[in-house]
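Could you walk me through this protein model step by step, in plain words? I would like to follow the explanation with the structure open beside me.

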Amino acid sequence: MITQLNMKFGSNPTMPRVNIDITPVTIFVGPNNSGKSLVLREINEFCQNGQKHENFKIIDDIKFKTLTSDQISSEIEVHTLEPNHNERIFEGQILFGDERNRNRINEKLPHEFLSDPNGNIVPFCKFYLRYKTLKLDGLNRIFLINDQAIGDLQKVPESNLAILFQDDIKRLEVRRIIYDAFKLYFVVDPTSSGQIRIRLSKEKPENHLMERGLHKEAIDFHKKAILISQASDGVKAYTGIITSIIAGKPKITFIDEPEAFLHPSLSYKLGKEVSNASMKESNNLIVSTHSSNFLMGCIQSGSPITIVRLSYSREIASARTLNSSRVEELMRDPLLRSVGVLNALFYEYVIVTEGDSDRAFYQEINDRMLEFDNKNAIPNCLFLNANGKDTIWRIVKPLREMGIPAVGIYDIDLFKNEGNNWTNALKSAFVPELNHQPLGQTRSLIKKKFDQSGKDMKKDGGIKILSKSDAEAGLNLIKNLKEYGIFIVENGEVENWLPSLNVNAHKSEWLSKMFERMGSNPADSNYIKPSTGDIWEFMTGIQRWMMKEDKNGIPE
């Protein structure tokens, strides 16, 4: 149905507005309060009446697909209704819609708006599309599994369960999916006097008659199965989403946070199944999610997918279409998968450190700055461990390509790195190539000064072990790298922060000793709180780079 979404903003304030080509599955990701749920509401509202609301903040316009002649004829036939008893229709009019929405309209109008939906967008949405959309949020997806009327079996079924009851192929597909998830068989029970209801059976029905019949064997079969109303919210939500999509009635399905109530493994399965189903039914599935598991299920389904990352920071909104193949490549990399890099899509900022103890320390420092409402703290920030400085760039580079402000924190021995290691650090931060050689030459000269000192640049104080002039040159290089989000610990390494605490311990014991000295009770007089200088100034520098609107190192 939808072919294009036109947004009100671009990938950054200087870029043109983003136009998103819609595939069968469109997934909105991003940090909290970035507009993921809002964009679903705006698209849904547009589809209801064909008009942009003056209060829309994200969507500027929507384009719809033109139906083929056969599709137009089929839709007109399905939605042209017979008058009820005493229902008066004037000459040249028809009843168009469904049994719950009966519109008296000019008999020529359906052909006009189905032939040219974008030229007749208001009647197209008002008299057709609004009845073809389904929005699933945290609560109503559970209610989809409630008992429903079986209806007139000689007419086109109206409800999802009635469709599944009459359509053996679709019902078996739902059964396959539900069994794969819960090892229970989905069955539709017609034994309740005009109502149909969902049960979950330990036994597979022998045939369709056993499930759909009203004879004693069928009644006994259903009696042994549990009603889905007795299942957990996770089972209800999963089943509700699957039945609504497989039944195929809505042309556009919106799901807000499909991972709600679900275990991560079920979120993955749900993403895979709903993506496949939408592709098979040629419908639009538009999702807002905060789950990397659901996202990976969608990607690995093989269905055409559009991923859009939204962000909203300091009253500046942005939208960027991500390459789903590139996202999948990230998850195929064992290193990136092991550190949970895909979770970065749901954070505003990312800090990548050399080791896990580094990650834990810097995260604790930032948490304390947040705790005491320090204006220099970094909100909504994910800290990742790269397992070594030589792999920080492998995480930073793809995240920046996605428009995510990601920085790398390096110990000062990055100055030792030559060749690809140094170049990759620059490339990952998108330092202009013309600057690589002069920066590399400066790095080489400073390294020689460190070597001549006879001291260990990491253990013995970092930049301070150099002469005043050489130290100034080193600080100038560090400052230049900061401009591109490369942060070097100028006093050597992470273990050299907060020297007043006198934490002298082996690397394996340093973190626990440091946390012990820092304290755990904010009411304790010895509890380390944010201050000036040292690590607090270092984190402030990172925060300032993060918050700059025109920061260097983020590709357009």
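**A walk through the model**

Glu-354, Lys-389, Asp-411, Asp-413, Lys-458, Lys-459 and Glu-493 are joined in a network of salt bridges. A salt bridge here is a side-chain nitrogen of Lys or Arg within 4 Å of a carboxyl oxygen of Asp or Glu. This is a predicted model, in which local features need pLDDT of at least 70 and side-chain atom pairs count only at pLDDT 80 or more, while totals for chains, interfaces and linings use all residues. Residues are numbered from 1 along each chain as its sequence is written, and side-chain values use heavy atoms, with hydrogens and water left out.

Let us look at one pair from that network. The side chains of Lys-458 and Asp-411 meet in a salt bridge, with 3.6 Å from N to O. This pair links distant parts of the chain, 47 residues apart: Lys-458 sits in the loop between H18 and H19, and Asp-411 in the loop between S19 and H17. The names H and S stand for helices (H or I, at least four residues) and strands (E, at least two), which are DSSP runs numbered from the N terminus. Both Lys-458 and Asp-411 are buried, where buried means under 20% relative accessible area, exposed over 50%, and partly exposed in between, using a 1.4 Å probe and protein chains only.

A search of the whole structure finds 29 salt bridges, so let us visit two others. Lys-132 and Glu-75 meet through their side chains at 3.6 Å, N to O. Lys-132 belongs to the loop between helix H4 (121-127) and strand S8 (133-136), whereas Glu-75 belongs to helix H2 (residues 69-79), and the two are 57 residues apart. Lys-132 counts as buried because its relative accessibility is 9%; Glu-75 is buried too, with a relative accessible area of 13%.

The other is the salt bridge between Arg-175 and Glu-211, whose closest N and O atoms are 2.4 Å apart. Arg-175 lies in helix H7 (residues 168-182) and Glu-211 in helix H8 (residues 208-212), so this pair ties together parts that are 36 residues apart in sequence. Is Arg-175 buried or exposed? At 6% relative accessibility, Arg-175 counts as buried. Glu-211 is buried as well, with a relative accessible area of 0%.

Now back to the helices around the loops we met above. In helix H17 (residues 420-428), Trp-422, Asn-424, Ala-425, Leu-426 and Ser-428 are buried. What covers them? The cover includes helix H16 (392-401), strand S19 (406-410), helix H18 (433-453), helix H19 (468-482) and strand S20 (486-488). After H17 comes Phe-430, which has a positive phi, near 55°.

H18 and H19 also pack against each other, at an angle of about 140° and with their axes 10 Å apart. Axes are lines fitted to C-alpha atoms, for helices over the stretch in contact, and angles run from 0 to 180 degrees between N-to-C directions. On the H18 side, Leu-439, Thr-442, Arg-443, Ile-446 and Lys-449 meet Asp-470, Ala-473, Gly-474, Leu-477, Asn-480 and Leu-481 of H19. Contact means heavy atoms within 4.5 Å.

Another residue to find is Asn-366, in helix H15 (residues 356-371). Asn-366 is buried, with a relative accessible area of 2%. Its side chain reaches the backbone nitrogen of Ile-378 at 2.9 Å. Leaving aside neighbours within four places in sequence, Asn-366 is in contact with Ala-377, Ile-378, Cys-381, Phe-383 and Met-539.

Finally, turn to the sheets. Strands of a sheet pair through backbone hydrogen bonds, either parallel or antiparallel. Here two strands pair if DSSP finds at least two bridges between them. One open sheet has 3 strands in the order S2-S1-S4, with antiparallel pairing. Strand S2 (19-21) and strand S4 (59-64) are its edge strands, each pairing on one side only. Strand S1 (residues 2-7) pairs with S2 over 3 bridges, and Asn-6 has Asn-19 in S2 as its bridge partner. Helix H1 (residues 36-49) lies across S1 and S4, running at about 50° to S4.

A further open sheet of 3 strands follows the order S5-S6-S7, again with antiparallel pairing. Its edges are strand S5 (80-81) and strand S7 (101-106). S5 pairs with strand S6 (residues 93-98) over 2 bridges, and Leu-81 finds its bridge partner in Leu-95 of S6.

Terms used. A polar contact is a pair of N or O atoms within 3.5 Å; within protein, one must be able to donate a hydrogen and the other to accept it, and residues adjacent in sequence count only if both atoms are side-chain atoms.
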